[in-house]
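User: I should like to learn how to read a few features of a protein model. Could you please guide me through them?

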Amino acid sequence: MDPEADRLILTTAKRLLREVGYARLTMDAVARQAGVARTTLYRRYRDKADLVSAAIDSLRQPTGGADSGDARRDLVAHLDNARRNFDMSLAGTLLMEERHDPRLMELFRERMVLPRRQVVRDTIQHGIERGQIRSDVDLERVLDLLLGALFAAVLATGRPDQRWAERTVAAVWPALERAPAGRS
């Protein structure tokens with residue numbers, strides 16, 4: 001496969017998604033504006049939902065995945081990455097389309113949401129193993145609180161500033177932190 005064609009297709013799909021929305025985006029328009037044949041497009045993506053999901057997936061920036069040894073610092077880094085890179089307007093568009101095309105939202109969850117949750121889950125698990133985080137935390141609720149906080153912040157006031165991730169982790173850290181030996 002041609003990497004340049006891949007880049008053109010995904011760049012065009014992202015641009016059209018923002019300009020015309022999901023409902024009015026067509027495979028023909030993407031192929032035409034990307035300057036590729038329809039067969040080239042359909043060899044890569046079976047339908048519009050698959051294409052849009054791949055386009056959204058291409059927006060994902062790696063979180064650095066490295067384990068610094070400090071669970072709190074790693075949680076801040078992961079949340080800051082989400083703050084900087086997660087496109088809420090596209091997420092909103094996909095949520096609106098779920099009723100019409102549930103597969104699109106399934107692909108979005110599979111390619112964007114679940115991998116990000118797994119990275120944060122791994123960070124918490126490493127923190128538990130190192131004794132930095134309590135072993136009895138409700139992992140799924142903590143993930144909801146940390147990652148859901150971004151949605152709440154964006155809806156309430158717009159994209160949060162660069163201090164948001166640190167303040168968010170600081171707010172939940174007392175509930176996560178394992179008490180030092182001798183302290184209850």
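Analyst: Certainly. Please note that this is a predicted model. Let us begin with a pocket: one may consider its volume and then its lining. Here the largest pocket holds about 290 Å³ of space. Of the 17 residues lining the largest pocket, Phe86, Val113, Leu147, Gly148 and Phe151 are the closest to its centre.

User: Which helix gives the largest share of the lining of the largest pocket?

Analyst: Helix 7 does, with seven residues. At least two lining residues come from each of helix 6 (88-97), helix 7 (102-129) and helix 8 (139-157). By class, the lining comprises twelve nonpolar, one polar and four charged residues.

User: How should I read the packing of two helices, and at what angle do the axes of helix 1 and helix 6 cross?

Analyst: One looks at the axes first, then at the residues that meet. The axes of helix 1 (residues 3-24) and helix 6 come within 10 Å and cross at roughly 10 degrees. Angles under 35 degrees count as roughly parallel, so helix 1 is roughly parallel to helix 6. Leu17, Arg18, Tyr22 and Ala23 of helix 1 meet Leu90, Thr93 and Glu97 of helix 6. This contact has four nonpolar, one polar and two charged residues.

User: Finally, a single residue: is Arg178 buried or exposed?

Analyst: Arg178 is partly exposed, because its relative accessible area of 47% lies between the cut-offs of 20% and 50%. Arg178 belongs to the segment after helix 9 (164-176). Setting aside neighbours within four places in sequence, Arg178 contacts Gly131, Gln132, Ile133 and Arg134.

Key. Residues numbered from 1 in each chain as written. Predicted model: local features only at pLDDT ≥ 70, side-chain atom pairs only at ≥ 80, totals over all residues. Heavy atoms only, no water. Helix = DSSP H or I, 4+ residues; strand = E, 2+ residues; numbered from the N terminus. Buried < 20%, exposed > 50% of the residue type's maximum accessible area, 1.4 Å probe, protein only. Contact = heavy atoms within 4.5 Å. 1 Å grid on protein atoms, 1.4 Å probe; cavity = no way out; pocket = protein on both sides within 12 Å on 5 of 7 lines; lining within 4 Å. Points joined across faces, edges and corners; volume = space filled by probe spheres on them. Nonpolar A, V, L, I, M, F, W, Y, C, P; charged D, E, K, R; others polar. Axes fitted to C-alpha atoms, helices over the stretch in contact; angles between N-to-C directions. Parallel < 35°, antiparallel > 145°, perpendicular 65-115°, else oblique.
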